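Reader: Please take me through one helix packing in this model. I want the geometry, the residues in contact and the confidence behind them.

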Amino acid sequence: MLQVLVVGNMMTGEGRKKLETVEQVVLSNPTVRSIIPLRQGLYNMFVSANPDYDWASHFFEYFVSSIENADRVVFLNHKSDVQLSKGWIYGYCFSLGIPIVIIQEDNNPEVNTDIFTSHSILAALGDVKELSTYDFREMNTVYT
């Protein structure tokens with residue numbers, strides 16, 4: 001059984017709620033052992049009351065460590081989100097050999113990737129519910 005990292009917009013309340021929903025669906029999948037709690041861990045860094053807290057360094061280290069510890073990554077690709085780190089995530093996963101499943105929100109047909117980062121994306125699913133039955137062991141190439 002596998003450990004899965006769920007990534008997407010964590011900067012808004014709506015984004016965090018969507019990620020929590022995706023995490024629950026992924027956890028219901030029989031091929032998944034656990035999820036890496038990236039959403040909650042990063043959110044706790046942002047709400048630190050200590051003004052001297054170096055959240056940027058901790059954020060980056062925690063994010064990198066979370067990717068490195070994942071067997072698979074699920075990326076919630078929401079059309080209205082501006083995610084400047086998207087290409088970096090795709091490329092870093094590729095360099096580590098970690099496959100990505102993208103969830104295309106809002107009927108967004110664009111994965112917005114290039115030839116170098118697209119090799120790590122093995123599936124683009126149109127509905128979060130598909131994650132409950134997607135075989136994360138086999139990682140079949142699926143674009144729905």
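Author: Here is a close look at one helix pair, with some context after it. The model is predicted, so local features need pLDDT of at least 70, side-chain atom pairs count only at pLDDT 80 or more, and totals for chains, interfaces and linings use all residues. Residues are numbered from 1 along each chain as its sequence is written, and side-chain values use heavy atoms, with hydrogens and water left out.

The pair is helix α3 (residues 55-68) and helix α4 (residues 86-96). Helices here are DSSP runs of H or I, at least four residues, and strands are runs of E, at least two, numbered from the N terminus. The axes of α3 and α4 lie 10 Å apart, at an angle of about 45°. Axes are lines fitted to C-alpha atoms over the stretch in contact, and angles run from 0 to 180 degrees between N-to-C directions. α3 and α4 are therefore oblique to each other. Oblique is what remains after roughly parallel (under 35 degrees), roughly antiparallel (over 145) and roughly perpendicular (65 to 115).

Which residues of α3 and α4 make the contact? From α3 come Phe60, Phe63, Val64, Ile67 and Glu68. From α4 come Trp88, Ile89, Tyr92, Cys93 and Leu96. Contact means heavy atoms within 4.5 Å. Nine of these residues are nonpolar, none is polar and one is charged.

Now the confidence. The chain has a mean pLDDT (the predictor's confidence in each residue, from 0 to 100) of 80. In all, 74% of its residues reach 70 or more. Strand β2 (residues 32-36) is highest, at 95. Strand β6 (residues 142-143) is lowest, at a mean of 67.

Technical notes:
Nonpolar A, V, L, I, M, F, W, Y, C, P; charged D, E, K, R; others polar.
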